[in-house]
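Good morning, and thank you for coming. I would like to walk you through one structure, beginning with its strands and then turning to its domains and core.

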Amino acid sequence: MALTRREFLKWSGSAGAAAAALCLGFDLKPVQSYASELKILKAKESTTICPYCAVGCGLIAHQKKSGKLLNTEGDPDHPINEGSLCAKGAALFQMTVNKARIRTPLYRAPESDEWEEIEWEDALEMIAERVKKTRDATFTQKNDKGQVVNRTTGIAHVGSAALDNEECWVLQGIMRALGLVFIEHQARI
Amino acid sequence: MAGKYFFVDTTRCTACRGCQIACKNWNKQRASKTTQYGSYQNPSDLDGNTFRLVRFMEHPSKQNSMVWYFFTEACRHCLKPACQKKADQIKKGAIVVNDFGAVLFTKETKELEKAFKAIKQACPWSIPTWNKKDRQIVKCHMCHDRVAAGLPTSCSKACPTGALNFGEEAAIKKLANERLAAAKKKFGGKGEILDLDDVRVLYLIIDEQSKYRPVAI
């Protein structure tokens with residue numbers, strides 16, 4: 001019998017499984033009918049960091065071939081958490097796959113009590129316009145003593161523990177360039 | 001029969017509920033609608049969407065103003081499951097025990113709706129619950145799909161403090177004895193391991209059993 005290497009592996013694999021099942025010596029039928037294939041068996045694995053707090057636990061994200069997220073769980077090789085997670089980290093999956101997730105920017109007009117969905121482009125333009133207006137109106141070059149300060153106290157920025165190092169660097173760059181001095185972190189409020 | 005065992009060191013549990021949510025995450029269970037009833041424990045009991053629950057128990061204490069015990073509860077995977085015995089009277093094979101000792105409720109428990117109450121009462125800890133959506137009896141299945149593939153259970157993998165452990169019988173019993181000795185040293189001779197010879201989930205506690213869950217047997 002001529003076998004290719006691939007065929008040989010396939011054949012020996014199934015024979016091994018059958019032998020293992022026989023060795024157990026009891027009826028596996030009901031159990032087999034219950035057992036399902038591990039859903040993450042063929043999934044693509046990539047690592048990520050939990051965005052919730054500053055501990056920075058590592059996670060493995062399992063993806064389907066289509067790119068759809070299948071599961072998330074702790075990364076045993078990560079030095080911070082070694083596979084463990086708290087309740088928030090363990091629930092990370094539903095941050096992505098969640099019907100309640102907001103998918104577009106929402107806008108509430110002054111004195112209105114309703115949120116309306118708007119386009120990203122409109123939202124960004126609206127924000128940029130207001131930042132420019134407020135910044136120009138409140139920018140001070142010199143303080144009362146005549147010292148050069150080049151700052152605005154009309155805008156504040158609140159960051160979050162979910163920001164990574166690189167994002168923080170970019171935000172600091174932009175906010176300092178605008179002249180902001182109130183640059184805070186959500187966890188200190 | 002050797003097999004897989006859990007060991008829960010309640011003295012190490014901080015009630016972060018990582019295990020509870022990791023369980024829900026693996027089984028992709030929805031949140032249960034609950035109401036505030038005066039405890040941090042949520043939901044108030046195991047249900048069709050919750051196979052593992054961290055119980056919060058408060059008691060007045062002589063030494064301290066109060067003690068607060070945490071108890072992560074799920075199916076104990078008994079060596080001789082009473083639920084299986086009960087179910088076998090009606091439909092053989094609806095509840096099965098697999099090769100590493102996990103007690104599994106198959107899809108055939110769909111046909112046991114009328115017997116559900118009897119099966120729940122047969123369990124010393126009333127663990128089995130009725131899932132309204134799938135219309136079958138459900139409970140912890142020891143992540144049989146993960147364990148068969150060589151992975152740890154979802155809950156024990158998530159535990160950050162080493163309170164919830166999972167592994168081979170010999171290793172887990174060794175760990176349990178070590179932790180028992182450590183607990184006795186730390187808590188003035190108090191400490192016991194529950195149901196050592198009957199179940200696959202070993203709990204180390206340092207106070208009366210009834211202080212850890214509402215109806216302890």
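**Strands, domains and core**

Let us begin in chain A, where β7(A) and strand β8 (residues 180–185) pair in the parallel sense over five bridges. Please bear in mind that this is a predicted model. Within that pairing, V158(A) has E184(A) in β8(A) as its bridge partner. To pass from β7(A) to β8(A), the chain runs through helix α6 (residues 165–178) of chain A, and this β-α-β crossover is right-handed.

β7(A), which spans residues 148–159, also pairs with strand β6 (residues 139–142) of chain A, here in the antiparallel sense and over three bridges. In this pairing K142(A) is found opposite V148(A) of β7(A). β6(A) and β7(A) make a hairpin with five residues between them, and in its turn G146(A) has a positive phi of about 85°.

I turn now to chain B. Its domain assignment gives domain 1, made of 4–75 and 145–211, and domain 2, covering 82–141. How far apart do the C-alpha centres of these two domains of chain B lie? The distance is 22 Å. Ten residues of domain 1 of chain B are in contact with eleven of domain 2 of chain B. On the domain 1 side of that contact, five residues are nonpolar, one is polar and four are charged.

Finally, the core. The largest nonpolar core has 66 residues, and F6(B), V8(B), A22(B) and L202(B) have the most contacts inside it. Leaving aside residues up to four places away in sequence, F6(B) touches several residues, including L164(B), F166(B), V201(B) and L202(B). As a general point, nonpolar side chains in soluble globular proteins tend to be buried together.

Key. Residues are numbered from 1 along each chain as its sequence is written. Chains are lettered from A and ligands numbered from 1 in the order in which they are written. This is a predicted model: local features need pLDDT of at least 70, side-chain atom pairs count only at pLDDT 80 or more; totals for chains, interfaces and linings use all residues. Domain bounds come from an automatic or database domain assignment. Two residues are in contact if their C-beta atoms, placed from the backbone, lie within 7 Å. Ala, Val, Leu, Ile, Met, Phe, Trp, Tyr, Cys and Pro count as nonpolar, Asp, Glu, Lys and Arg as charged, and the others, Gly among them, as polar. A nonpolar core is a set of buried Ala, Val, Leu, Ile, Met, Phe, Trp, Tyr and Cys residues joined through C-beta atoms within 7 Å. A residue is buried if 20 or more other C-beta atoms lie within 10 Å of its own, exposed if 12 or fewer, and partly exposed in between; C-beta atoms are placed from the backbone. Two strands pair if DSSP finds at least two bridges between them. Helices (H or I, at least four residues) and strands (E, at least two) are DSSP runs, numbered from the N terminus. A crossover is right-handed if, with the strands pointing away from the viewer, the path from the first strand over the helix to the second runs clockwise.
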